[in-house]
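Colleague: Could you take a close look at one part of this model for me, the salt bridges, and then tell me what sits around them? Keep it informal, but walk me through it residue by residue.

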Amino acid sequence: DLNLLNSLGVCYGRLENTTEALEVFEKVIRLAPENMMAHYNLGYTHPQAGRLVAAEAVLSRAAELAQDNFETLFHLGKTALELGHLDRALTALKKAASLDNARPLVHRLLGEALMLAGDHQSALAAFKKAVKAFPNDAYVLSALGMLFMDQANDLPVARSLFQKSVEIDPTNSLYRQRLGRLLFTLGEGEEAEHNLKLAVEYGGRSPEMYYQLGCLAEDSGRKEEARGHFPGS
């Protein structure tokens, strides 16, 4: 019974018996090559074994068999994005986001893919939808802040978003760096330096960050410290 076999495979997967789960789903596909659920389950399970390329191929087949299935399109887009296959990720995620039963999480991934593709206006719209559903998602808040700063030139909104992101995830070096960069632009040297130094402490290594720290130290008369920050010094 194909339904029972699929359910058995799901049970194996939830028990983290990945090998057994893969074997069961592959058996279903041998018995019924057009069984979409088996292809989806197989594609969902492959990443647990580190097989992203195999997962993408199987999920692509599942998407062909059920072209309006949100979960299949969502996981295909997610897997393709992790592999750096941007065109495939965008196609799948845009279609998933257009479905009536779309889950809000798709807008987070779609916004990320659109940013990577350089479509900043569409990314802004996607992240706005994501932040409505996940108002405490630090990644979404910080990414949206970048778009408001660099694309919409709305610095007060960008500042608010950056500050909230670091309140939620205070040890994230990227979020600290983005807030520090904005404060540097606004001429708020003390707060900018505080956040940029925390970004370094938490693992940040951006040349731009060191340049800004060097400028702030130099402006404060700390010449020796400034030389330590500037690249090539």
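**Salt bridges and their surroundings**

Modeller: Let me start with a residue beside one of the pairs: S60 is buried, with a relative accessible area of 15%. Bear in mind that this is a predicted model. S60 is found in helix 4, and once you set aside its neighbours within four places in sequence, S60 is in contact with L76 and R88.

Now to the pairs themselves. The structure holds 14 salt bridges, and I'll go through a few of them. As a reminder of the general idea, side chains of opposite charge can pair when their charged atoms come close.

Take E34 and R61, which form a salt bridge with their closest N and O atoms 3.0 Å apart. E34 lies in the loop between helix 2 (18-31) and helix 3 (36-45), while R61 lies in helix 4 (residues 52-65), so this pair ties together parts that are 27 residues apart in sequence. As for the surface, E34 counts as exposed at 53% relative accessibility, because the cut-off for exposed is over 50%. R61, at 27%, counts as partly exposed.

Next up is D137 with R108, another salt bridge, where the closest N and O atoms are 2.7 Å apart. Here D137 sits in the loop between helix 8 (120-133) and helix 9 (138-150), and R108 sits in helix 7 (residues 105-116), so the pair ties together parts that are 29 residues apart in sequence. D137 has a relative accessible area of 16%, so it is buried, given that buried means under 20%. R108 has 23% relative accessibility and counts as partly exposed.

Since helix 8 leads into that loop with D137, helix 8 deserves a moment too. Helix 8 has 14 residues and reaches 20 Å from its first C-alpha to its last, close to the 20 Å expected at 1.5 Å a residue. Its buried residues are A123, L124, A126, F127, A130 and V131. Why might buried positions in a helix recur at such intervals? An α-helix has 3.6 residues a turn, so residues three or four places apart point the same way. The buried residues of helix 8 pack against helix 7 and helix 9. R108 of the salt bridge belongs to helix 7.

The third pair is E225 with K197, a salt bridge whose closest N and O atoms are 3.4 Å apart. This one also links distant parts of the chain: E225 is in helix 14 (residues 223-229) and K197 is in helix 12 (residues 189-201), 28 residues apart. Salt bridges that share partners join E193, K197, R222 and E225 into one network. E225 has a relative accessible area of 27% and is partly exposed, and K197, at 37% relative accessibility, counts as partly exposed as well.

Last, a look at the pockets. The largest pocket has a volume of about 190 Å³. Its lining is made up of G9, V10, G13, R14, F25, Y40, N41, Y44, T45 and Q48. By class, that lining has 4 nonpolar, 5 polar and 1 charged residues. Helix 1 (2-14) and helix 3 each supply at least two of the lining residues. Helix 3 also borders the loop that holds E34, which brings us back to the salt bridge between E34 and R61.

Terms used
Residues numbered from 1 in each chain as written. Predicted model: local features only at pLDDT ≥ 70, side-chain atom pairs only at ≥ 80, totals over all residues. Heavy atoms only, no water. Salt bridge = Lys/Arg side-chain N within 4 Å of Asp/Glu carboxyl O. Helix = DSSP H or I, 4+ residues; strand = E, 2+ residues; numbered from the N terminus. Buried < 20%, exposed > 50% of the residue type's maximum accessible area, 1.4 Å probe, protein only. Contact = heavy atoms within 4.5 Å. 1 Å grid on protein atoms, 1.4 Å probe; cavity = no way out; pocket = protein on both sides within 12 Å on 5 of 7 lines; lining within 4 Å. Points joined across faces, edges and corners; volume = space filled by probe spheres on them. Nonpolar A, V, L, I, M, F, W, Y, C, P; charged D, E, K, R; others polar. Expected span 1.5 Å × (residues − 1).
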